Amino acid sequence: MFSDVFSAETVHGDLFSDFENGFTPWDIGADLYSDIQSPKPVGSSSCSEEPTGNRTNSNSGSVDQNLAVSVIDERKRRRMISNRESARRSRMRKQKHLENLRNQVNRLRLENRELTNRFQFVFYHYRRVCTDNDRLQTEHSMLRKRLSDIRQILVFRQLQQFSSAWPCNTTLATEQIPSLIA
């Protein structure tokens with residue numbers, strides 16, 4: 001009975017009919033020969049087995065009808081499998097994208113931490129340079145003031161020596177020195 005229901009022509013005819021209906025081999029998936037591995041009885045729904053010689057023409061109409069329903073069910077099953085595979089691929093792409101985003105977040109956090117450390121290092125040295133600059137400017141002002149004071153003292157001493165060389169003008173020279181210093 002099995003050989004009558006599942007002949008080679010029926011099995012191969014069903015496989016090649018998929019191409020006529022727009023299905024390609026990759027749409028079929030791994031369950032290509034699932035009907036061969038788990039045969040389903042085609043015929044009456046009763047469990048009694050009839051010899052092949054006792055079939056009537058009314059039974060052949062139900063076989064054709066069951067075969068058409070089976071083909072439609074097979075298409076639906078294949079489409080469902082295809083949709084599931086597509087959804088699985090979509091989930092995998094989404095998971096890969098999320099993993100890439102997580103890696104990018106971690107990489108950017110690390111880069112941010114490194115830049116923050118570099119900024120703190122540069123800012124620390126900037127403040128030190130500013131402090132040194134302020135100290136040096138203050139020291140520069142003080143040294144200029146001291147230099148100015150030393151020059152005034154030297155001018156005053158030169159005037160004293162000059163006025164002592166001229167004895168008649170000593171009173172006049174001592175009166176002019178304070179005005180020159182100021």
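Colleague: At which residues does UniProt place the feature "coiled-coil region"?

Modeller: This is a predicted model in which local features need pLDDT of at least 70, side-chain atom pairs count only at pLDDT 80 or more, and totals for chains, interfaces and linings use all residues. Residues are numbered from 1 along each chain as its sequence is written, and side-chain values use heavy atoms, with hydrogens and water left out. UniProt positions are given in this numbering, with feature names shortened, and annotations may be inferred rather than shown by experiment. The record, an unreviewed entry, places the feature at residues 84–118.

Colleague: How far apart are the end C-alpha atoms over residues 84–118?

Modeller: Helices (H or I, at least four residues) and strands (E, at least two) are DSSP runs, numbered from the N terminus. Over residues 84–118 the chain is 100% helix and 0% strand. The C-alpha atoms at the two ends of this stretch are separated by 51 Å.

Colleague: What pattern does the protein follow along the sequence?

Modeller: The protein has six helices and zero strands. Read along the sequence, its pattern is α-α-α-α-α-α.

Colleague: Is F119 buried, partly exposed or exposed?

Modeller: Buried means under 20% relative accessible area, exposed over 50%, and partly exposed in between (1.4 Å probe, protein chains only). The relative accessible area of F119 is 55%. F119 is therefore exposed.

Colleague: Why does Y126 count as partly exposed?

Modeller: Y126 is found in helix 5, which covers residues 57–165. Y126 counts as partly exposed because its relative accessibility is 46%.

Colleague: How are the rings of F119 and F123 arranged?

Modeller: The structure holds two aromatic pairs (rings of Phe, Tyr and Trp, the last by its six-membered ring, with centres within 6.5 Å; planes under 30 degrees apart count as stacked, over 60 as edge-to-face and the rest as tilted). The rings of F119 and F123 have centres 5.9 Å apart and planes at 20°, so this pair is stacked.

Colleague: Which residues make the nonpolar surface patch of about 350 Å²?

Modeller: Patches are made of residues with over 30% relative accessible area and no salt bridge (a side-chain nitrogen of Lys or Arg within 4 Å of a carboxyl oxygen of Asp or Glu); like charges are joined within 9 Å, and nonpolar side chains (Val, Leu, Ile, Met, Phe, Trp, Tyr) within 5 Å. Accessible areas come from the Shrake-Rupley method with a 1.4 Å probe, and for residues only the protein chains shown count as cover. The residues of this patch, which also form one aromatic cluster, are F119, F123 and Y126.
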